[in-house]
2 protein chains.
Amino acid sequence: MDEEFVVTPWEVRGRVDYQKLMQQFGARPLTQAEVSLLEKYAGEVHPLIRRGFFYAHRDLDAILKWHGEGKPWALYTGRGPSGPVHIGHMVPWILLKWLSDKFGVEVYFQMTDDEKFYDDPEMRLEEATKWAYENALDVIALGFTPDKLHLIIDTKDIKPLYPIAAKVAKKLTWNTVKATFGFTDSTNIGLIFYPSLQIAVAFLPTELHGRPTPVLIPCAIDQDPYFRLARDIAESLGYPKPATLYSKFIMALTGESKMSASNPNSAIYTIDDEKTIRRKIANAYTGGRPTAEEQRRLGGNPDVCPVYHYHMLFDPDDASVEKIYHSCKSGALLCGECKQMLYEKIRKFVKQHQEAREKARDKVDAYRLSSKLS
Amino acid sequence: MDEEFVVTPWEVRGRVDYQKLMQQFGARPLTQAEVSLLEKYAGEVHPLIRRGFFYAHRDLDAILKWHGEGKPWALYTGRGPSGPVHIGHMVPWILLKWLSDKFGVEVYFQMTDDEKFYDDPEMRLEEATKWAYENALDVIALGFTPDKLHLIIDTKDIKPLYPIAAKVAKKLTWNTVKATFGFTDSTNIGLIFYPSLQIAVAFLPTELHGRPTPVLIPCAIDQDPYFRLARDIAESLGYPKPATLYSKFIMALTGESKMSASNPNSAIYTIDDEKTIRRKIANAYTGGRPTAEEQRRLGGNPDVCPVYHYHMLFDPDDASVEKIYHSCKSGALLCGECKQMLYEKIRKFVKQHQEAREKARDKVDAYRLSSKLS
């Protein structure tokens, strides 16, 4: 029997059935055909795709075909800056960087400080904007150069976006957004308008380049409602339909389907120190057995274990990940040792990231789209 | 018995009962007390106030008191650029210029090209923006210098506005704007968000100056719903409440309460040539009698006559206007002669205006707020 689950851009509740969710939204599964096409152009397949973390899409095949014809396209994703970035947030951005490198395309990255402000009654606008700048450090730290990464902080860089958003907004009625996003009579008009801005970025590269420049949007599948609407109206506005590549959510350290901003122990932040990271991993849920003896005898369940999930996300070596999976299942690998192994991997990742992150400080404005247009 | 009438920011229907409308909206009548206070600081009273064309307000007295204390304030008004400006549109702007001169205060002038685009299914955004530039010429032609007039074309100058609009938007729910503006389920989300932008300009001078700088908004009374909302939320956002000064509508040459953009013969445009102006005035409704004999015997009705209305609006000489009123009523002045007199006044006004208007061409950007901030 299926558990109930709810997924909207603002909420994930219950244990998510990803196949069912994809079907509900009407996205398509990532098949071997698309993966092979991707490999043809990229020369390899990224582990996050190979391991099924990115698992659904709309028109990925069309974008790859377009690329094969030598036509221009761009990457687009975003972040709602409501607090520090956790390493789970980094995962789709790692793929983003890989795609940008392999295909040599520009990235449009939207920091939706306005959305976070509209959505959270307690959030001050200045606070959301501050987080936008802070979070931008994490994106830049992945190694982007300013010619490849175009940062859009909504409240700062609205100017090139607004005329496009206006055209989008005129196509969307209250009825449509109410049905698509579950808005109610007490939803504020900022949040009601906001979808126009998220959709507008999908059309921005075409405006800036003056020729059809579709985007591929790697993001978590909860963002599909925006891009479904974007695809519905694209052609009537003279823009190419955006393509999407959808990931599952990053499991919380507590074992839930998605990390919660309200529980800082459910996630490892990119600004956590080593002691904190060690403690968080040590305290993580694993779904393991009550005693070591039972664990050895009956084995663990890596499929529900966030510790295994993080090995899968952060270890580039397929053989190593597979070994962890099977030795967990067989009972050979106990949770304590597995956590220690994970700590080493995460510690190394975070250390390197924090260094790159600090080097990005004071460079954010050079990445902002506005600074390049003016 | 009262005729039915409807007044919203997008529609005026029926014969407007201005006293009733003021009461419905909850604005206050302009009394001798406020007019005297205005005269104290301005040294005189503008004919448009003296003659009751501006007739209602919110907190005009408070702004004048604030002025008396030597504190800073600003003027704010706007225009929905959907086509050429008619001379009726100029009337409140003439008062605006007078207020700016007499009190030495800056004017924030919003061109709502986005609103016109959202509201009119047939309007292209580029067309509305083109009209914003064209209409700006008419404002500048009144003699403003760039240090006193700050032009905001919404789609071009959104940047300083959006963070304020976001704070406004978060305070306004679908319920509120639906009730205030009569939005329906099929209203587009651009028009739903738009009130945030019109309200935001009322708070912009305070942001730019970094200290409380209330605005006085001279405008037609149909704009009251926006500024009622602005006043409701101002204090919770830390801004002073905007004050307003409301005019009646400019009568159509056809005798209706307000001119209609869909009938070009109902208005004299600032770009009309002399022949066109002559023809439009000659064909104007007057409410006069069927024959000259009856007119002489029974007299005319200047209170319903757009020709008299325009004399009242454009003749600075009180004695001259009064003479027209009474000789119309007595039957001494026939409609033909009265129209000829009006033609001479309007012709002169338009000729001088057109010269000033052409001199403003290519200078618009110097007046735009964005060009001063960047």
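This briefing covers the sheets, helix packing and chain contact of the structure above. The model is predicted. Chain A and chain B bury about 3100 Å² between them. In chain B, seven strands make an open sheet with mixed pairing. In chain A, an open sheet of seven strands also has mixed pairing.

**Contact between the chains**

- The size of an interface is often given as the accessible area lost when the parts come together.
- Here that area is about 3100 Å², with 65% of it on carbon and sulfur atoms.
- Chain B puts 37 residues into the contact, and chain A puts in 37 residues.
- Y162(B), K170(B) and I189(B) supply 26% of the area that chain B buries against chain A. No other three residues supply more.

**Sheet of chain B**

- Strands of a sheet pair through backbone hydrogen bonds, either parallel or antiparallel.
- The strand order in chain B is β3-β4-β9-β8-β5-β6-β7.
- β3 (28–29) and β7 (149–153) of chain B are the edge strands, and each pairs on one side only.
- β3(B) runs antiparallel to β4 (residues 54–58) of chain B, and two bridges join them.
- Within this pair, P29(B) stands opposite A56(B) in β4(B).
- Helix α7 (residues 125–140) of chain B packs on the sheet. α7 touches β5 (74–79), β6 (107–111) and β7 of chain B. The direction of α7 makes about 165 degrees with that of β7(B).
- Helix α10 (residues 189–209) of chain B lies across β5, β6, β7 and β8 (215–220) of chain B. α10 runs at about 155 degrees to β6(B).

**Sheet of chain A**

- The strand order in chain A is β3-β4-β9-β8-β5-β6-β7.
- The edge strands of chain A are β3 (28–29) and β7 (149–153), each paired on one side only.
- β5 (residues 74–79) and β6 (residues 107–111) of chain A pair in the parallel sense over five bridges.
- G78(A) stands opposite Q110(A) in β6(A).
- Helix α1 (residues 18–25) of chain A lies across β3 and β4 (54–58) of chain A, at about 5 degrees to β4(A).

**Helix pairs in chain B**

- Two packed helices are described by the angle between their axes and the distance between the axes.
- α14 (residues 306–314) and α15 (residues 318–330) of chain B have axes that come within 9 Å and cross at roughly 165 degrees. That makes α14(B) roughly antiparallel to α15(B). The crossing is left-handed.
- Y308(B), H311(B) and M312(B) of α14(B) meet V321(B), I324(B) and Y325(B) of α15(B). This contact has five nonpolar, one polar and no charged residues.
- α5 (residues 87–103) and α16 (residues 335–360) of chain B pack at about 75 degrees, with axes 13 Å apart. The two helices are therefore roughly perpendicular.
- I87(B), M90(B) and I94(B) of α5(B) touch α16(B) through I346(B), F349(B), V350(B) and H353(B). Six of these residues are nonpolar, one is polar and none is charged.
- α2 (residues 32–42) and α4 (residues 60–68) of chain B cross at roughly 25 degrees, and their axes come within 10 Å. They are therefore roughly parallel. α2(B) passes α4(B) in a left-handed crossing.
- From α2(B), the contact uses E34(B), L37(B), L38(B) and Y41(B). From α4(B), the contact uses L60(B), D61(B), L64(B), H67(B) and G68(B). By class, the contact of α2(B) with α4(B) has five nonpolar, two polar and two charged residues.

Technical notes: Residues are numbered from 1 along each chain as its sequence is written. Chains are lettered from A and ligands numbered from 1 in the order in which they are written. This is a predicted model: local features need pLDDT of at least 70, side-chain atom pairs count only at pLDDT 80 or more; totals for chains, interfaces and linings use all residues. Side-chain values use heavy atoms; hydrogens and water are left out. Axes are lines fitted to C-alpha atoms, for helices over the stretch in contact, and angles run from 0 to 180 degrees between N-to-C directions. Helices (H or I, at least four residues) and strands (E, at least two) are DSSP runs, numbered from the N terminus. Angles under 35 degrees count as roughly parallel, over 145 as roughly antiparallel, 65 to 115 as roughly perpendicular and the rest as oblique. A crossing is left-handed if the near helix is turned anticlockwise from the far one by less than a right angle, and right-handed if clockwise. Contact means heavy atoms within 4.5 Å. Ala, Val, Leu, Ile, Met, Phe, Trp, Tyr, Cys and Pro count as nonpolar, Asp, Glu, Lys and Arg as charged, and the others, Gly among them, as polar. Two strands pair if DSSP finds at least two bridges between them. Buried area is the accessible area (1.4 Å probe) that two parts lose on being put together, summed over both.
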